[in-house]
Each structure stands twice: as C-alpha cells, then as structure tokens.
Amino acid sequence: MYINMDESNKIKEVLDKSKNILIAVHKDPDGDAIGSGLGLYNALIKLGYNVDCIIKNPSKCFDFLKNFNKIKLDENELKEKYDTLIVLDCADKERIALNRELDDFTNIIVIDHHITHVEFGSITLLEEISPATCQIVYDFLKTINVDIDKEIAECIYTGILTDTGGFKYSNVTSHTFEIAKEIREMDVDISDITRRVFETMSFNKFSLLKLGLNNLEIIDEKIAYLYLSKEQIDKYISEDEPDIHEGLVNYGRSIEGVEVSIFIRQIDENIFKISLRSNAYVDVSKIAVEFSGGGHIRAAGGRAEGNIEDIKEKVLNIVKERI
Ligand code: 5GP
Ligand code: MN
C-alpha cells in the first residue's frame with residue numbers, strides 16, 4: 001500500500017463531514033494540476049460529494065478530459081462557503097491559484113509531490129518520490145474504494161504522462177508503470193492522449209518556439225539561456241493556450257553538453273518567471289528556492305523582480321557556482 005491508511009481514513013472522515021468541498025491547484029496549471037484536479041473532482045462527484053474545482057487559465061489542450069467544462073475559472077463562479085479545501089500539486093501556499101484566505105476553510109487537505117514542500121495543510125499527503133500528484137491521487141482513490149472508471153483514469157494518465165515527459169524522466173518509478181498498466185487495461189486511448197498533449201502544436205506555439213530557438217544562448221558550454229519578453233510572448237499567446245511557453249525550457253537541456261537550461265519570461269514590466277531544468281547533477285530545486293520558488297531536482301521554477309540584465313547575471317552566477 002502506497003498511501004498511509006490512517007491519513008486516508010482521516011481524509012475520508014473530513015470529506016464525509018463536509019457540506020461543500022473545493023479543489024484548487026497551482027498557478028500556470030500544467031497537465032498534472034489539471035489531471036489531478038479533474039480526476040479527483042470526477043471521483044468525488046461519483047461518490048456523491050458536493051464539490052467544485054477551480055483552475056485558473058487551463059489550456060484548451062486538456063478539454064478532452066471529463067468535466068473540463070465544469071471547471072470554475074475564477075472566484076466569482078464559486079459558492080460563498082466551502083468547509084474543506086483540497087489543494088493539489090502546490091509546493092507552498094503562495095502557489096495556490098485561489099484568492100481566498102486559507103482561514104476561511106475548516107479543513108485543508110493537501111496532496112503534493114514537491115521536494116521543496118512547505119507544509120500548510122491540516123492533513124498532508126506528501127510523496128516526494130512520486131513523479132506526479134496524479135500518481136498519489138490514483139493511490140488515494142483506491143484506498144477510498146471509488147470505482148476508477150475510464151474517464152477518471154484518463155485524467156490521472158494525463159498528469160502522469162506530462163510530469164514524466166512521457167515516462168522519460170528520472171522521476172518515473174516502477175509503481176508509475178504499474179498504474180500505467182492498470183490504466184491501459186481500462187482501454188484508455190493512450191496514443192490519443194499522447195498525441196493531444198505532446199504531438200500537437202498550434203501554429204502560434206510553433207512560431208514562439210522558432211523565436212525561442214533563435215534567441216537561445218549557450219554559455220560556458222554547460223548552460224542554455226533563453227529570455228522572452230512579454231511583448232514577444234503576447235504576440236502568440238491566447239486564452240485557449242495560456243501556457244504557450246510550456247516546454248520551451250526543455251530544448252536547451254537537450255543540447256549536448258548542457259547541464260542546466262534556464263528560461264526566463266517577462267510577466268510584467270519588472271516581474272519575471274524563471275524556469276530551470278537540469279540533466280544529471282545540478283539540483284535546480286535549490287536554485288529555485290533562492291528565487292522564492294521551488295520544485296523538483298530536475299525541474300523547478302521561481303520568480304524575480306527588477307531589471308532583466310541584473311536578474312540574468314544573478315541566475316547565471318548561481319548556476320555557475322553549482323555546475
Ligand atoms: P515550470 O518550469 O514548468 O514552470 O515548473 C517546473 C517545476 O517547478 C514544477 O514542478 C513547478 O511546480 C515548480 N515551480 C515552478 N514555478 C514555481 C514557483 O514559483 N514556486 C514553486 N514552489 N514551485 C515552482
Ligand atoms: Mn506535478
């Protein structure tokens with residue numbers, strides 16, 4: 001058993017006592033955030049709970065998942081009161097895409113897999129070795145005896161697929177394959193999901209990728225650096241594809257000899273989002289923590305305020321120290 005039964009029973013008790021439950025995920029939601037949010041939402045609905053799921057700016061790429069159209073997109077679509085908040089895939093409370101005080105909830109259940117997790121829940125299921133929050137949600141659902149149907153499995157599979165880069169990253173465990181086996185046996189169309197999330201690119205995304213590849217710099221042979229301004233991204237971004245820059249950071253990492261890939265994007269005039277990836281030995285989660293962020297050993301992110309030239313220098317200096 002991968003989930004502690006005591007914790008699982010505690011969660012079940014809280015859910016049974018709750019009149020209204022709200023599921024929330026992290027800002028800039030990825031496949032794991034959306035997959036775990038909808039997977040859990042669909043399962044809890046099936047068990048008869050009153051539950052809403054809020055996800056801000058979900059990419060339409062995931063609209064094939066069951067009840068994608070039921071997602072609450074912002075606070076004004078929510079009920080006034082929820083007793084219980086379930087937070088998924090968030091390393092810390094600042095990452096939650098929800099503009100409500102945590103004190104407004106009687107219970108906060110947290111399910112997460114980040115090595116940099118800073119506890120904020122009343123009950124926390126934290127499994128750092130899990131490659132995806134979806135993997136923990138799947139195991140949790142088994143402990144509460146919900147019949148995991150094909151649609152729930154599709155949500156879970158999507159999150160595992162995206163957070164493991166298609167079962168390619170070092171975070172994959174043998175248990176990941178056990179779950180994938182069970183899901184495949186449910187007749188989930190895995191090639192369709194792969195095609196949708198990895199092998200389809202809008203023309204806008206393709207155009208941003210071309211621009212990004214042209215701007216990519218290699219520094220000291222081991223560092224790939226890419227910067228895109230808000231103006232450059234705004235030319236291609238749309239409401240259907242708010243995560244258009246997703247995956248860009250991976251291209252630098254695949255260049256031979258590169259250990260760390262850095263992608264900085266401008267969010268506002270003086271605010272920048274930093275994405276970090278490494279290949280073999282640099283723990284980028286530690287670098288991200290220095291930029292008010294966190295993540296995993298091979299994939300992490302943070303943010304910085306100020307002037308891009310100063311930020312570039314600071315990030316490069318820290319990366320160079322660890323290379
Ligand atoms: P990405 O570079 O794709 O945005 O994020 C890579 C990883 O870093 C993800 O696991 C994500 O959760 C984590 N991450 C990205 N930005 C932040 C952040 O601002 N704070 C924390 N704690 N983690 C982040
Ligand atoms: Mn995740």
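Here is a short tour of this predicted model, one selection at a time.

**The open sheet**

Start by showing strands E6 to E11. Six of them, ordered E6-E7-E8-E9-E11-E10, make an open sheet with mixed pairing. At its edges you will find strand E6 (217–219) and strand E10 (294–295), each of which pairs on one side only. Next, pick E7 (residues 223–228) and E8 (residues 260–268): these two run parallel and are joined by 6 bridges. To see the strands side by side, select Ile223, which stands opposite Val260 in E8.

Now add the helices that pack on this sheet. Helix H7 (residues 203–215) touches E6 and E7, and its direction makes about 130 degrees with that of E7. Helix H11 (residues 308–322) is another to display: its contacts are with E6, E7, E8, strand E9 (271–278) and strand E11 (299–305), and its direction makes about 155 degrees with that of E8.

**A buried serine**

Move on to Ser59, in the loop between strand E2 (51–54) and strand E3 (84–88). Is Ser59 buried or exposed? With a relative accessibility of 2%, Ser59 counts as buried. Leaving aside residues up to four places away in sequence, Ser59 touches Ile34, Phe68, Asp240, Glu241, Pro242 and Asp243.

**Salt bridges**

How many salt bridges does a search of the whole structure find? The search finds 16. Try Asp149 and Lys46, whose closest N and O atoms are 2.9 Å apart. This pair links distant parts of the chain, 103 residues apart: Asp149 sits in the loop between helix H3 (133–143) and helix H4 (150–163), while Lys46 belongs to helix H2 (residues 31–46). Asp149 is buried at 17% relative accessible area, whereas Lys46 is partly exposed at 38%.

For a bridge within a helix, go to Glu185 and Lys181, which meet at 3.2 Å, N to O. They are 4 residues apart in helix H5 (residues 174–185), so about one helical turn separates them. Glu185 is exposed, at 58% relative accessible area.

Then select Asp192 and Arg195, a salt bridge at 2.8 Å, N to O. Both lie in helix H6 (residues 190–198), 3 residues apart, about one turn of the helix. Arg195 is partly exposed, with 40% relative accessible area.

**Cysteines**

Finish with the cysteines: a search of the whole structure finds 0 disulfides. For Cys90, the nearest cysteine sulfur is that of Cys53, 11 Å away. Cys90 is buried, with a relative accessible area of 0%. For Cys134, the nearest cysteine sulfur is that of Cys155, 7.7 Å away. Cys134 is also buried, at 0% relative accessible area.

Definitions and conventions: Residues numbered from 1 in each chain as written. Chains lettered and ligands numbered in written order. Predicted model: local features only at pLDDT ≥ 70, side-chain atom pairs only at ≥ 80, totals over all residues. Heavy atoms only, no water. Disulfide = S-S within 2.5 Å. Buried < 20%, exposed > 50% of the residue type's maximum accessible area, 1.4 Å probe, protein only. Pairing = 2+ DSSP bridges. Contact = heavy atoms within 4.5 Å. Axes fitted to C-alpha atoms, helices over the stretch in contact; angles between N-to-C directions. Salt bridge = Lys/Arg side-chain N within 4 Å of Asp/Glu carboxyl O.
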